[in-house]
Amino acid sequence: MSCLALSLQPTNGPDVLLQTREWFPPSRALMALSAFRQTRLAFSKQAQSAAVLSSSDPTPSDALGDDPLAASSGQVIVGMESRYRVVYRLVNSIYVLAITTADENVKDRIVNNVFECITIVNQAVSVVVTACRGVDVTPEKLSKKYAEIYMALDIVLRGVSSIRLAAMLASMHGESIAKMVHSAANTENKIRGAETWGSLEAQSVEHRTGVESFFKTSFELPPETLQAGDEVAATLVITGTEKEEKDKVEESEEKDPFAASDRINKPESLVAEFKRDKDKGNSDISKALAGLEVSTLPPAAASQSTHIGVEGFEGDYGGIEFSTDGSTLREDFEGINVSWGGGLDASEYLGTKKVKKDEGLGGLEFLETSEPPKTEAAEESAAAKNLEDVLVNKMKGPELYISEIISAEFRESLLSRVGMMGTIYLMTMPPNPNGDKETEFSFKVDGTSGIKRLVMQNSLVSCLGNGIFHLKTAPSKEPIPIIKYSLLPRLTPLPLRVRLVQSLSGTLFSVMLQYAPFPDMPAPLTNVTFVLKLPVDPSLVKVSPKAVLNRSEKELKWLIEEIPPKGKPGRLRARFPVDASDESSIDELEVVGYVKFSAQGTRSLSGISLLPAIEGNRDFYEGYHKYAAGTYICN
């Protein structure tokens, strides 16, 4: 359940204010406030001093005395039969109290959100301090702003955002209480960029009216429009003759290519389907020329040019002019094929319909000219060749990079063991089937002061002294490890320090995992995974922040995408109940944490760098260095 009541209780004197939820009786709230006052007085210094004086042999520790509830904030469980949890905060001489249930119903597993009550108490403290214009909070100052405090605490008890709380506090000393309470909601909407319903209601009504009028509107087309549409539709319908022609074309396309042509059986006819005149005696020329159309010649004036006298455009335009230069046929023929002089392009005389070409002997002639079909092996070899081309184009030369694996073990906040293993890898150019030369160059390893032991592959690398090595190897597709080394534990950098703390309060088991990044890391850690091995399979877990619970492996897992080098320390918390039947097993509960991370950058974690043996001589390229977590545990 959430917060049930808010109250203001002076250290001396009666309660100033009590605000409760609708379903929580005020009598129960008053009972909880009375129990809190009795508990506070029972632990007061006067009661402890009286107990010390009455005892026969007082000890020095008893004579000191202490008031546990005199702290600035805290929580306590009060009551005998009906138990309540009271979250309090002391402001000058006024206790700001929040009342909720005590979380003791183990059967029903009812858990309260104590952090919500703490947030409500902090918001109530802000209201009280604003009303009294400072931290000097007294009952007299509260009585002057009692109405404003009463209304503000009523809103805070039901939940209020930080934006609305800020608006309320800004108008706390205004002229009208109603303006402080009711204008806060509109202020929050304005800050968030939302519009009020009053400004949008008219648009909504107008839109709804337009939709309804559109659905109710009906209209009819005039008969002339319908008739014109029927005529157009009739022209689009395919007639029976057109269907028969299409069927004939399809049948003709499916005929045997070796069959004889249909023209053999056709009678002889004239070109373009002209028919012979059976009346041979008729020799009337006018009848023969009756069907011919002769275009009329243009008038004589059209063949003459027009002279234009405008300045800049002088000359003769238009007309028909015949060349008398006497050009040869060869010049005229070659002139029509120049790039800008036009020409006889065959595509200008072809229609949109593709003409099916005769395939001669049924397409057998294509057997000699067609390419052989591609096999799977040929496709794979082509793909591999393309991949090699990409790698060759991407890689300018051989590359060297460092891969480091760091392992560490923490006992609470102390480092118990640490170790780092590094490997220098070589990436050669992809091998060529034609036969490439061997990769051979010299390089220098710098920053080796922290190396404890170094081992090199003698078949590929030889040491020339002063940290200079000479390399000679054949090309390979995979990275080749050439040198391995380990660092001294005292000089091994830790990219992440981890601390694991656990506590048992009754049957409630709490675990907290703290981590802090190394500020001089060369690159941010990516995909950091924190894993907690739990001793039991919990039935209920409360975590902060969100985590993934694997019940089969009894693991809690947090995933953080990136931890920057100079980032803030983080905390991962988990709380779950354990079985209280076996007390010996509870004492032996132990949690182990594992950390996994990786990073990639231009510098290595150990500070080791790869340089050319001679300055200015670029025999190789330095790739991206990597480092990751090996066995990184804390317990």
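Select helix H6, residues 146-157, in this predicted model, and you will find that H6 lies across strands E1 and E2, running at about 30 degrees to E2.

From the start of H6, step to valine 16, which is placed in the loop between E1 and E2. Valine 16 and tyrosine 146 are separated by 130 residues in sequence, yet their C-alpha atoms are 9.1 Å apart in space. Show the side chains around valine 16: leaving aside residues up to four places away in sequence, valine 16 touches Leu8, Pro10, Pro139, Leu142 and Tyr146.

Next, select the strands themselves, which form an open sheet of five with antiparallel pairing, in the order E2-E1-E5-E4-E3. At the edges are E2 (17-20) and E3 (73-78), each of which pairs on one side only, and the twist from one strand to the next averages 25 degrees. Strands of a sheet pair through backbone hydrogen bonds, either parallel or antiparallel. For one pairing in detail, keep E3 and add E4 (residues 84-91): these two pair in the antiparallel sense over six bridges. Within that pairing, glutamine 75 has valine 87, in E4, as its bridge partner.

Now add helix H1, residues 26-42, which lies across E1 (5-10), E2, E3, E4 and E5 (94-101) and runs at about 40 degrees to E1. H1 has 17 residues, and the distance from its first C-alpha to its last is 24 Å, close to the 24 Å expected at 1.5 Å a residue. Which residues of H1 are buried? Colouring by accessibility should pick out Ala29, Ala32, Leu33, Ala35, Phe36, Thr39 and Arg40 as the buried residues of H1. Because they cover an arc of only 160 degrees around the axis, they are on the same side of H1. These buried residues of H1 pack against E1, E2, E3, E4 and E5, whereas Ser27, Gln38 and Ala42, on the other side of H1, are exposed.

Finish with the cysteines, starting from a search for disulfides, of which the structure holds zero. Select cysteine 132, which counts as buried because its relative accessibility is 6%, where the cut-off for buried is under 20%. Then move to cysteine 634, which likewise counts as buried, because its relative accessibility is 0%.

How values were computed
Residues numbered from 1 in each chain as written. Predicted model: local features only at pLDDT ≥ 70, side-chain atom pairs only at ≥ 80, totals over all residues. Heavy atoms only, no water. Pairing = 2+ DSSP bridges. Helix = DSSP H or I, 4+ residues; strand = E, 2+ residues; numbered from the N terminus. Axes fitted to C-alpha atoms, helices over the stretch in contact; angles between N-to-C directions. Contact = heavy atoms within 4.5 Å. Disulfide = S-S within 2.5 Å. Buried < 20%, exposed > 50% of the residue type's maximum accessible area, 1.4 Å probe, protein only. Expected span 1.5 Å × (residues − 1). Arc of directions from axis to C-beta.
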